[in-house]
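Here is a colleague's note on the structure shown below. Please read it with the coordinates open.

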Amino acid sequence: MLKNLDEITSSIIADPQNKDFTDRGIFPLFSAPKTARINIVGQAPGLKAEQTRLYWNDKSGDRLREWLGVDYDYFYNSGMFAVLPMDFYYPGKGKSGDLPPRSGFAEKWHSQILENLPNIQLTLLIGQYAQKFYLSDNKNNVTETVKNYQKFLPHFIPLVHPSPRNQFWIERNPWFGEKVIPDLQKLVKRIINESKG
């Protein structure tokens, strides 16, 4: 097992699985400050995130920050959030949105990075890929998993993806905005306040 984040990052860049990206000068996009208390596991960076080298830098990120109850500056500069998507590279476009994260990527790197993050108290599992990976015993679909979010606390909270594509889902499932988001904001606020103490 590799020990520090610099070694891990260098190994990700050198991994043959990522050669095509490395050859094009594209490097892994994730964030793992040692001070992080909240880990955000999504699908993979989008094209805009890849191009700007800034994760969650799009409409989905704006909505995610609303859900968390934090502003842009705090999200990126507080050192409170780790961002470990299921793939650290933009996987390309599919027929109905971005392609899924590549299999085997999270299995190879997440545990090594998390060993460097001793203070994580809460992990947000955004979408089906993160939920299937981290909640391996859970057989429910995303809607049922998110609806039963309390079952996975205090370590995990499953969420639907904040993409504008999911606006219809959010409108069709009012319990998400009425119950899940307020509880998420309370958890985040509590963790932030405890970190100051």
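The numbered points below go through one helix, its charged and aromatic partners, and then the nonpolar cores.

1. Status of the model. The structure is a predicted model. Local features are discussed here only where pLDDT is at least 70, and side-chain atom pairs only at pLDDT 80 or more.

2. Helix α4. This helix covers residues 59–68, and seven of its ten residues are buried, so the rest of the structure largely encloses it. The buried positions are S60, G61, R63, L64, R65, W67 and L68. Two arginines, R63 and R65, are thus among the buried residues of α4.

3. The ends of α4. At the start of the helix, a side-chain oxygen of D58 comes to within 3.1 Å of the backbone nitrogen of S60. Just after the helix, G69 has a positive phi of about 80°.

4. R65 and its partners. R65 is buried, with a relative accessible area of 4%. It forms a salt bridge with D62, in which the closest N and O atoms are 3.0 Å apart. Both residues belong to α4 and are three residues apart, about one turn of the helix. An α-helix has 3.6 residues a turn, so residues three or four places apart point the same way. D62 is partly exposed, at 38% relative accessibility. R65 also lies over the face of F75, 5.2 Å from the ring centre.

5. Other salt bridges. How many salt bridges does the structure hold? There are nine. One of them joins D20 to R24, with 3.0 Å between the closest N and O atoms; D20 is partly exposed, its relative accessible area being 48%. Another links the side chains of D183 and K186, at 3.9 Å from N to O. D183 and K186 lie three residues apart in helix α10 (residues 174–196), a separation of about one helical turn. Is D183 buried or exposed? D183 is buried, with a relative accessible area of 15%, whereas K186 is exposed at 57%. K179 joins D183 and K186 in a network of salt bridges.

6. The W67–F176 pair. The whole structure contains 16 aromatic pairs. In one of them, the ring centres of W67 and F176 are 5.1 Å apart and the planes stand at 75°, so the pair is edge-to-face. W67 belongs to helix α4 and F176 to helix α10, so the pair ties together parts that are 109 residues apart in sequence. Both W67 and F176 are buried.

7. Y74, F81 and the aromatic cluster. Y74 and F81 make an edge-to-face aromatic pair, with 6.4 Å from centre to centre and 85° between the planes. Y74 is partly exposed, at 24% relative accessible area, while F81 is buried at 2%. Both belong to one aromatic cluster made up of Y55, Y72, Y74, F75, Y76 and F81. F75, a member of this cluster, is the residue whose ring face R65 lies over.

8. The largest nonpolar core. This core has 34 residues, and those with the most contacts inside it are I40, L68, F75, L124, F176 and L184. Two or more residues each come from β1 (38–41), α4, α5 (72–77), β2 (81–83), β5, β6 (156–159), α9 (167–172) and α10. Which element gives the largest share of this core? Helix α10 does, with nine residues.

9. Strand β5. Leaving aside neighbours within four places in sequence, L124 is in contact with I38, N39, I40, V41, L64, L68, I157, L159 and L184. T123 lies in strand β5, which spans residues 122–126. T123 is buried, at 7% relative accessibility. What does T123 touch, not counting residues up to four places away in sequence? The residues are N39, V41, H155, F156 and I157. N39, V41 and I157 therefore appear in the contact lists of both T123 and L124.

10. A separate core. Apart from the largest core lies another, of 16 residues. Its members include L5, A32, A36 and L84.

Methods. Residues are numbered from 1 along each chain as its sequence is written. Side-chain values use heavy atoms; hydrogens and water are left out. Buried means under 20% relative accessible area, exposed over 50%, partly exposed in between (1.4 Å probe, protein chains only). Helices (H or I, at least four residues) and strands (E, at least two) are DSSP runs, numbered from the N terminus. A polar contact is a pair of N or O atoms within 3.5 Å; within protein, one must be able to donate a hydrogen and the other to accept it, and residues adjacent in sequence count only if both atoms are side-chain atoms. A salt bridge is a side-chain nitrogen of Lys or Arg within 4 Å of a carboxyl oxygen of Asp or Glu. Contact means heavy atoms within 4.5 Å. Rings of Phe, Tyr and Trp (its six-membered ring) pair if their centres lie within 6.5 Å; planes under 30 degrees apart count as stacked, over 60 as edge-to-face and the rest as tilted. A charge sits over a ring if NZ of Lys or CZ of Arg is within 6 Å of the ring centre and within 35 degrees of the ring normal. A nonpolar core is a set of buried Ala, Val, Leu, Ile, Met, Phe, Trp, Tyr and Cys residues joined through side-chain atoms within 4.5 Å.
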